[in-house]
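Q: Please pick one part of this structure and give me a close look at it, then show me what lies around it. I'm new here, and plain words would help.

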Amino acid sequence: MGGGNSPSAEDSSALSIFEDSPHQHSPAKIDGLFDQYKCESTASLAPRKPAVRIPRVNQQMGSSGTKHKRNSPASGDGTSPVKKVKRASSGYAPPNKYAHLVNKLTDSLAPNLICVFVGLNPGIRTATTGHAYNHPSNLFWKLLHKSKCTPRLCHAEEDGDMPKLYHLGLTNIVSRPTKDGSELSKAEMDAGVAELEAKVALQRPEVVAIVGKSIWESIWRVRHGSNIKKDQFKYGWQDDTERMGVVKTGENPWPGAKLFVATTTSGLAAGMRPHEKEQIWKELGDWVVKRRAEREDKEASSNG
């Protein structure tokens, strides 16, 4: 399911050299990180106007060869036609639609974490409460526990404690809140990639987990200049060339964080069965459990 190879012992060893760095708890500000990753795209953030769909009129031929509108089905009493009410589909929503909301959500990050999870953007409930993945239908906290990324079921109100409790972090590729992801444009998602890369380069986690296919598609577009093809996409560990937040210059170069693409946790998303999502998340969870144990053993031996 999730192609690619998980970080080997050699990878963990290479990454662990930063654990004892004097920059672990108070990293120096890396100048120009945002500019380093900023995409020089001239594309406007305003999405293209959707094509107007003209409803098709049901017609039937009369005896004279002329077309007549077909009558709508009558109601039960035969007095009036029954109108079918169609559910409005979500589409792009400009920022001013939710400008009245105060977004209370902040990143939960710290230097040298085991894994940082990257979501799409805060939903309405998440933004107003200030706690990540806070909608009852969102499966994030359940999948986090089932995969053993956390040893117990945590709650949205504990999001700020994740770095301290389990060496895990949380952030998003887009900061503005919407009802759902379809209200964002691809352009503004792509525009968030540079800031995401800069965050990772500054905090230097071992792994970045992308929570949802659309986020990885956006990162791919910015990096490769084209949409990812069907045969190029895969869940799970990504190729080593796709590391995030690579720092090539300066006094403290860094190879970047290994990338893992997980499924979306939104309750609105369809297409994958629960056990399929759990299988993908378990691959990440197995590695997180192993790496956390290695860190704890190292800490115990140093204290002993």
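A: Start at Ile210, which stands opposite Val261 in strand 7. On another strand, Val118 is the residue that stands opposite Ile210 in strand 5. Helices (H or I, at least four residues) and strands (E, at least two) are DSSP runs, numbered from the N terminus.

Before going on, keep in mind that this is a predicted model: local features need pLDDT of at least 70 and side-chain atom pairs count only at pLDDT 80 or more, while totals for chains, interfaces and linings use all residues. Residues are numbered from 1 along each chain as its sequence is written, and side-chain values use heavy atoms, with hydrogens and water left out.

Back to strand 5. It runs parallel to strand 7, and five bridges join the two; another match along that pair puts Val211 opposite Ala262. With strand 3, strand 5 also pairs in the parallel sense, over four bridges. (Two strands pair if DSSP finds at least two bridges between them.)

Is strand 5 mostly covered or mostly open? Mostly covered: five of its five residues are buried, where buried means under 20% relative accessible area, exposed over 50% and partly exposed in between, with a 1.4 Å probe and protein chains only. Looking at the two faces, Val207, Ala209 and Val211 point one way, whereas Val208 and Ile210 point the other.

Now zoom out to the sheet. Five strands make up an open sheet with mixed pairing, and their order is 4-3-5-7-6. Strand 4 (168-172) and strand 6 (236-237) sit at the edges with a single partner strand each, so one side of each is left without a neighbour in the sheet. Strand 4's pairing is with strand 3, in the parallel sense and over five bridges; there, Val116 stands opposite Gly169. Edge strand or not, strand 4 is mostly covered, with five of its five residues buried. One of its sides has Leu168, Leu170 and Asn172, the other has Gly169 and Thr171.

Next comes helix 8, which ties back to where we began. Strand 5 (207-211) is among the elements covering the buried residues of helix 8, and so are strand 3 (115-119), strand 7 (258-262), helix 6 (186-191) and helix 7 (193-203). Contact here means heavy atoms within 4.5 Å. The residues of helix 8 that are buried are Ile215, Trp216, Ser218, Ile219, Trp220 and Arg221. How far apart are the end C-alpha atoms of helix 8? They are 16 Å apart, and that agrees with the 16 Å that twelve residues (213-224) should span at 1.5 Å a residue; the expected span is 1.5 Å times one less than the number of residues. Just after helix 8 comes Gly225, with a positive phi near 75°.

Helix 8 also takes part in the largest pocket. In fact it gives the most to that lining, with five residues, and helix 3 (124-129), helix 6 and helix 8 each supply at least two. The largest pocket holds about 1,200 Å³ of space. Of the 46 residues lining it, Leu120, Asp180, Gly181, Thr264 and Ser266 are the closest to its centre. By class, its lining has 16 nonpolar, 22 polar and eight charged residues.

There is a closed space as well. A search of the whole structure turns up one cavity of 30 Å³ or more, and the largest cavity has a volume of about 40 Å³. Its lining consists of Leu109, Val116, Thr171, Leu196, Lys199, Val200, Gln203 and Pro205. Helix 7 brings the largest share, four residues, and the classes come out as five nonpolar, two polar and one charged.

A word on terms: on a 1 Å grid over the protein atoms alone, a cavity is a set of points where a 1.4 Å probe fits but cannot get out, a pocket is an open set with protein on both sides within 12 Å along at least five of seven lines, and lining residues have an atom within 4 Å of a point. Grid points are joined across faces, edges and corners, and a volume is the space filled by probe spheres set on the points. Ala, Val, Leu, Ile, Met, Phe, Trp, Tyr, Cys and Pro count as nonpolar, Asp, Glu, Lys and Arg as charged, and the others, Gly among them, as polar.
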